[in-house]
Amino acid sequence: MCRAQGIGYDLKERQGCVFTLLDSYSRTSVGMLCIHEQLPSALATFARNLHVIHQELSSPAMQGVTNFHAVIKDIESILGVTVVNEELTKGEEEATPSGQDKAAVVQKK
C-alpha cells in the first residue's frame, strides 16, 4: 500500500519515511519517521503520508471518528509556524550588516 502511494525511503537521496513497531510483542502501535534536509519538507511529507494512510485504513463511515484529522491539523499548524520562523530568520539575516558576525549583532540586542 505505501509504495503504491509513494510512501517510502529513498536510499540514493537519503530521505523519506520509515516505519517502526513501537511494541514488538502486542504489535498494536506503529511509528513513522520522516527524514528530509529541511524541517518543513519533513513535516509536509509526514502530514501527507498520514492523510494517505488514513484514507487507506479507514472506512468511509470512520472518516471523522479517528484521531488522524486532529494530528494532521496539528502538524499543519506546526508547519505554518516553521515557515513563519524561516521567513523571520531570513529577514534578520538580510538586515545584519555585512562584516559583522552574528554574535556581535546578538550582543547589541
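How are α1 and α2 oriented relative to each other, roughly parallel or roughly antiparallel? The axes of these helices cross at roughly 165°, so α1 and α2 are roughly antiparallel (that label takes angles over 145 degrees, on a scale from 0 to 180 degrees between N-to-C directions).

Before going on, a word on the model: it is predicted, with local features needing pLDDT of at least 70 and side-chain atom pairs counting only at pLDDT 80 or more, while totals for chains, interfaces and linings use all residues. Residues are numbered from 1 along each chain as its sequence is written, and side-chain values use heavy atoms, leaving out hydrogens and water.

The protein has three helices and three strands (DSSP runs of at least four residues for helices, at least two for strands). From the N terminus, the order is β-β-β-α-α-α.

Here is the helix pair, with some of the residues that touch (contact means heavy atoms within 4.5 Å):

| Helix | Span | Contact residues, among them |
|---|---|---|
| α1 | residues 39-57 | L39, L43, F46, L50 |
| α2 | residues 68-95 | F68, I72, I75, L79 |

By class, this contact has 14 nonpolar, four polar and two charged residues. The two axes come within 9 Å.

How sure is the predictor? The average pLDDT (confidence in each residue, from 0 to 100) is 79, and 83% of the residues score at least 70. Over residues 104-109, though, the pLDDT is below 50. Where pLDDT is low, the predicted coordinates should not be read in detail.

Finally, buried residues (under 20% relative accessible area, with a 1.4 Å probe) make up 22% of the 109 residues.

How values were computed. Angles under 35 degrees count as roughly parallel, over 145 as roughly antiparallel, 65 to 115 as roughly perpendicular and the rest as oblique. Ala, Val, Leu, Ile, Met, Phe, Trp, Tyr, Cys and Pro count as nonpolar, Asp, Glu, Lys and Arg as charged, and the others, Gly among them, as polar. pLDDT is the predictor's confidence in each residue, from 0 to 100. Buried means under 20% relative accessible area, exposed over 50%, partly exposed in between (1.4 Å probe, protein chains only).
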